[in-house]
Amino acid sequence: MAAVRDSREMAAENPAVELAKSHLVQPWPYAGSIGAEARTLVTSGDGVYLIDGDGKKLIDGPAGMWCINVGHRREELARVMYEQAMELSYNTPWYTMNAPSAELSRRIAEYAPGDLNHVFYTTGGSSAVETALRFMQFYNNVRGRPEKKLILSRGGAYHGSTYLSASLNGRPRDRDWMDAADDLVVKLSSPDPFRRPKGMSAEAFCDFLVDEFRDTVKSVGAQNIGCFVGEPIQASGGVIIAPAGYLKRIRDICRENDILYVSDEVVTGFGRLGHVFASEELFDIEPDMITFAKGVTSGYFPLGGVVISERLLKELNRSNHPDAMFGHGLTYTSHPVGCAVALKNLDLLEGGILDHARAVAPYFQQRLKTLEELPLVGEVRGAGLMACVECVADRESKDPLQLDKDVGKRIDQHCHELGLLVRPLINMCVMSPPLVITKEQIDHLVAILREGISRTMDDLRKEGVWQG
Ligand SMILES: Cc1ncc(COP(=O)(O)O)c(C=O)c1O
């Protein structure tokens with residue numbers, strides 16, 4: 001395999017590599033390399049493409065971290081950022097307000113289901129989930145139900161990297177070496193149909209998940225449970241799509257038991273599934289809160305938020321404790337530049353990108369599905385413009401780890417050589433390209449991925465780790 005150029009070679013031309021190794025702490029590092037690591041240097045982007053430190057053009061397969069929805073280098077977004085910063089770069093949200101955040105809230109409320117009419121802005125997805133959780137705690141304190149605080153979450157979930165949001169995460173590798181507020185969280189099974197018990201139908205698996213949810217509510221006691229938090233499609237867990245009808249049934253149980261339903265649309269929102277929000281449009285659920293981030297500014301500015309049901313706010317307005325304070329706010333809450341970027345980003349989505357995403361999504365899924373012809377691939381699944389290629393050692397046992405812990409990384413290395421950036425997740429490769437991707441670019445992406453997986457299969461055979 002012709003290796004992707006080593007970081008030492010790149011450093012000869014770009015000092016960023018050595019500087020990073022000397023001074024930068026990257027996210028999700030291993031103890032052995034923390035603070036001393038260089039990653040693939042990228043220097044510019046345009047549309048669905050990135051340019052790496054070698055000048056190599058790469059398709060941005062994961063759109064950054066599921067976020068560059070309108071594509072790189074959109075002049076409209078750069079311009080609005082400049083113009084807003086020149087007009088009003090910042091104002092304290094403690095005792096002033098700005099017009100872009102008020103206007104953005106109106107437009108978000110129009111898209112949000114039911115009475116989700118009010119928006120609290122944060123700096124990203126973790127702080128959005130954190131805000132929803134702290135709001136649930138406040139809400140129940142004010143209602144005089146201080147014991148109603150437990151949070152239901154599921155295996156395979158990813159909700160963030162702040163202490164409480166991270167405590168909901170259900171991917172083992174994220175948690176192995178980290179502390180968590182385990183006494184506040186109750187964990188449920190992952191809704192992953194690919195890994196359902198052998199011989200169980202999808203319908204029976206759905207019943208199993210719903211029964212587990214209902215039994216948990218009964219055994220823990222609804223009076224102790226504040227909310228359920230769930231992604232409509234579990235993104236970082238490997239694009240896990242629960243059985244049809246499952247989310248709605250969970251929503252009904254929550255409603256019957258006065259448990260708030262928080263739909264985490266940090267990934268699925270703002271066009272990834274072809275709609276501004278997917279909860280109601282695609283899953284027929286009306287949550288009590290929706291968290292969002294990433295695609296709201298297409299990654300051009302760090303912004304997130306929570307859309308909150310008017311019913312909950314009115315209850316607080318009418319409570320016996322009108323002076324109780326929701327002691328929660330960030331320096332950058334309602335940031336005028338972020339909100340101005342989000343308004344322009346919404347214009348772009350409405351101006352044809354949402355339609356385009358809906359139009360190319362079936363082609364994207366259908367082309368990727370052809371990779372199931374390769375013996376290393378156990379399943380290709382997805383919806384809209386998010387998909388996952390899950391590799392297995394053996395299709396019968398679906399063993400993901402037996403052959404190689406980091407098969408995704410091997411595929412990523414080959415694909416990088418061929419012109420595609422992949423998001424490797426242990427034995428999986430996640431794809432969520434910018435929504436502006438064309439059919440020709442999809443063909444190119446899939447052709448490279450096919451070749452990357454084929455080369456990985458050859459390597460594994462040569463090394464004698466796998467004979468599929
Ligand atoms: C569903 C979901 N929620 C929350 C987060 C956390 O968002 P952030 O990284 O912006 O804090 C992520 C990040 O990937 C996510 O996928």
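**Exercise 1. Locate R251 in this predicted model, decide whether R251 is buried or exposed, and find which residues R251 is in contact with beyond its sequence neighbours.**

Solution. Begin with the secondary structure: R251 is found in helix 10, which covers residues 246-256. Next, take the relative accessibility, which is 4% for R251; buried means under 20%, and R251 therefore counts as buried. Finally, leave aside the neighbours within four places in sequence, and the contacts of R251 are Y261, I285, E286, P287 and D288.

**Exercise 2. Work out which strands pair with strand 7, and state what unit strand 7, helix 10 and strand 8 make.**

Solution. Start with strand 7 itself, which spans residues 225-230 and is mostly covered, since six of its six residues are buried. Then look at strand 5 (residues 150-154), which runs parallel to strand 7 and is joined to it by three bridges; within this pairing, I151 stands opposite C227. Now turn to strand 8 (residues 260-264), which pairs with strand 7 in the parallel sense over four bridges, and here the bridge partner of C227 is L260. As the last step, bring in the helix of the previous exercise: strand 7, helix 10 and strand 8 together make a right-handed β-α-β unit.

**Exercise 3. Compare the span of helix 13 with that of a straight helix of 34 residues, and find where helix 13 has a kink.**

Solution. A straight helix of 34 residues, at 1.5 Å a residue, would span 50 Å. Helix 13 (residues 336-369), taken between its end C-alpha atoms, spans only 42 Å. The next step is to look along the helix for a bend, and there is a kink of about 55 degrees in helix 13, centred on E350.

**Exercise 4. Describe the largest nonpolar core, say which helix gives the largest share of its residues, and name some members of the second core.**

Solution. The largest nonpolar core holds 64 residues, and those with the most contacts inside it are L368, L449 and I453. The largest share of this core, 16 residues, comes from helix 13. Besides this there is a second, separate core of 35 residues, which includes W66, I225, I259 and L425. Returning to L449, and not counting residues up to four places away in sequence, one finds that L449 touches L368, L371, V389, I411, C415, L420, V422 and M431.

**Exercise 5. Place L58 in its strand, give the order of the strands in the open sheet, and find which residues L58 touches.**

Solution. The place of L58 is in strand 3, residues 57-60, and L58 is buried, with a relative accessible area of 0%. The open sheet of four strands has the order 1-2-3-13, with mixed pairing, and its edge strands, each of which pairs on one side only, are strand 1 (42-46) and strand 13 (420-421). Strand 2 (residues 49-52) pairs with strand 3 in the antiparallel sense over three bridges, and in strand 3 the bridge partner of I51 is K57. When residues up to four places away in sequence are not counted, L58 touches V48, Y49, L50, D52, H416, G419, L420 and L421. For a view of distance, consider S153, which is 95 residues from L58 along the chain: the C-alpha atoms of this pair are separated by 36 Å.

**Exercise 6. Determine where E315 and S334 lie, and how far apart E315 and R143 are in space.**

Solution. E315 lies in helix 12 and counts as partly exposed, at 25% relative accessibility. Although E315 and R143 are 172 residues apart in sequence, they are 8.4 Å apart in space, C-alpha to C-alpha; E315 touches both Y139 and R143, residues up to four places away in sequence not being counted. S334 has its place in the loop between helix 12 (310-317) and helix 13, and S334 counts as buried at 18% relative accessibility. With residues up to four places away in sequence again not counted, S334 touches N98, S101, Y121 and C339.

**Exercise 7. Find the phi values of W66 and K294, and add the setting of each residue.**

Solution. Phi of W66 is near 60 degrees, a positive value in a residue other than glycine. W66 lies in helix 3, residues 63-66, and is buried, with a relative accessible area of 2%. For K294, phi is near 35 degrees, again a positive value in a residue other than glycine. K294 is found in the loop between strand 9 (289-292) and strand 10 (304-309), and at 23% relative accessibility K294 counts as partly exposed.

Terms used: Residues are numbered from 1 along each chain as its sequence is written. This is a predicted model: local features need pLDDT of at least 70, side-chain atom pairs count only at pLDDT 80 or more; totals for chains, interfaces and linings use all residues. Side-chain values use heavy atoms; hydrogens and water are left out. Helices (H or I, at least four residues) and strands (E, at least two) are DSSP runs, numbered from the N terminus. Buried means under 20% relative accessible area, exposed over 50%, partly exposed in between (1.4 Å probe, protein chains only). Contact means heavy atoms within 4.5 Å. The expected span of a helix is 1.5 Å times one less than its number of residues. The bend at a residue is the angle between axes fitted to the seven residues ending there and the seven starting there. A nonpolar core is a set of buried Ala, Val, Leu, Ile, Met, Phe, Trp, Tyr and Cys residues joined through side-chain atoms within 4.5 Å. Two strands pair if DSSP finds at least two bridges between them. A crossover is right-handed if, with the strands pointing away from the viewer, the path from the first strand over the helix to the second runs clockwise.
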